[in-house]
Amino acid sequence: MSAVIALLAYAILHGYDTPAARTALTALCDWTDNHRHDDPAGTWWPGYVTPDATPRRHRPSWCYGTPGIARAQQLAGLALHDEARHEQAETALLAVLSDESQRDRLPDIGLCHSKAGLLQSAYRMATGSTNPHRSAQLTAQLPGLATELSSQLATDTCGDPELMNGAAGAALAVHTATTGRPATGWDAFLALT
């Protein structure tokens, strides 16, 4: 769902702003709003929505967790000129980034299910924020997270070189966060940019 939200938001932000695109984006955002949860640890969305099942907080991964959903919501807020949505998305990610127990649920290095995806989502949200204060808050979290991921990458015994779950994706995320610029537009396939 988040990928479709991000795609529609990108379309609108890049000049393909049609009534149909806005209607679809608004409907999808309304659906995610109905499944959003708030608790003392922050705003979150369940990784899966199934009938008659109690929703539960998913690990903070890019693919099914709050980071990917929050980035899509941030983009939707920008596309729809919905400052409340934009702010809520950034606040949700800040709660994940500042909660070590949530980051600890990402023991691996990969983009999809692990720490590299969180780092890249955080980088894109920090650079995409239109609020200087929230941008600074998000940016302040990047060095520590990049250091954590770098340490994991240095001691990774898996030896998986691939992009989504291995060293290549983790190295790209660390490079982006530590240099302040992506090596290329490599993360476009993640619908983060």
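A pocket is here an open set of grid points where a 1.4 Å probe fits, with protein on both sides within 12 Å along at least five of seven lines. In this predicted model, the second largest pocket holds about 190 Å³ of space. Its lining comprises 13 residues. Pro46, Tyr48, Val49, Thr54 and Pro55 are the ones nearest the centre of this pocket. By class, the lining of the second largest pocket splits into five nonpolar, six polar and two charged residues.

The largest pocket encloses about 380 Å³. A set of 23 residues lines the largest pocket. Met1, Ser2, Ala3, Cys63 and Ile69 lie nearest its centre. Three helices each contribute at least two lining residues: α1 (2–13), α2 (19–34) and α3 (66–80). Helix α3 provides the largest share, four residues. The lining of the largest pocket consists of 17 nonpolar residues, five polar residues and one charged residue.

The overall fold was examined next. Eight helices and two strands make up the secondary structure of the chain. Their order along the sequence is α-α-β-β-α-α-α-α-α-α. The radius of gyration is 16 Å, close to the 16 Å given by the globule rule for 193 residues, so the chain is as compact as a globular protein of that length. The C-alpha trace spans about 50 × 40 × 30 Å along its principal axes. Of the 193 residues, 46% are buried. Among contacts with a separation of 6 or more, 63% join residues 24 or more positions apart.

The interior contains a largest nonpolar core of 33 residues. Leu93, Leu97, Leu118, Leu119, Leu138 and Leu149 have the most contacts inside this core. Two or more core residues come from each of α3, α4 (83–97), α6, α7 (132–154) and α8 (167–179). Helix α6 gives the most, with seven residues. Leu97 illustrates the contacts made by one core residue. Beyond its neighbours within four places in sequence, Leu97 is in contact with Arg103, Leu118, Ala122, Leu138, Gln141 and Leu145. Another core, of 15 residues, lies apart from the largest one. Its members include Ala6, Cys29, Ala79 and Leu80.

Gln120 also sits in helix α6, which covers residues 115–128. The relative accessible area of Gln120 is 0%, below the 20% cut-off, so this residue is buried. With residues up to four places away in sequence left out, Gln120 touches Leu172, Ala173, Thr176, Trp186, Asp187 and Leu192.

Two loop residues were examined for backbone geometry. Asp52 is not a glycine, yet has a positive phi of about 60°. Asp52 belongs to the loop between β2 (42–44) and α3. Its relative accessibility is 86%, over the 50% cut-off, so Asp52 counts as exposed. His81, also not a glycine, has a positive phi of about 55°. The loop between α3 and α4 holds His81. At 70% relative accessibility, over that 50% cut-off, His81 therefore counts as exposed.

Notes:
Residues are numbered from 1 along each chain as its sequence is written. This is a predicted model: local features need pLDDT of at least 70, side-chain atom pairs count only at pLDDT 80 or more; totals for chains, interfaces and linings use all residues. Side-chain values use heavy atoms; hydrogens and water are left out. On a 1 Å grid over the protein atoms alone, a cavity is a set of points where a 1.4 Å probe fits but cannot get out, and a pocket is an open set with protein on both sides within 12 Å along at least five of seven lines; lining residues have an atom within 4 Å of a point. Grid points are joined across faces, edges and corners, and a volume is the space filled by probe spheres set on the points. Ala, Val, Leu, Ile, Met, Phe, Trp, Tyr, Cys and Pro count as nonpolar, Asp, Glu, Lys and Arg as charged, and the others, Gly among them, as polar. Buried means under 20% relative accessible area, exposed over 50%, partly exposed in between (1.4 Å probe, protein chains only). Contact means heavy atoms within 4.5 Å. A nonpolar core is a set of buried Ala, Val, Leu, Ile, Met, Phe, Trp, Tyr and Cys residues joined through side-chain atoms within 4.5 Å. The radius of gyration is taken over C-alpha atoms; the globule rule is 2.2 Å times the number of residues to the power 0.38.
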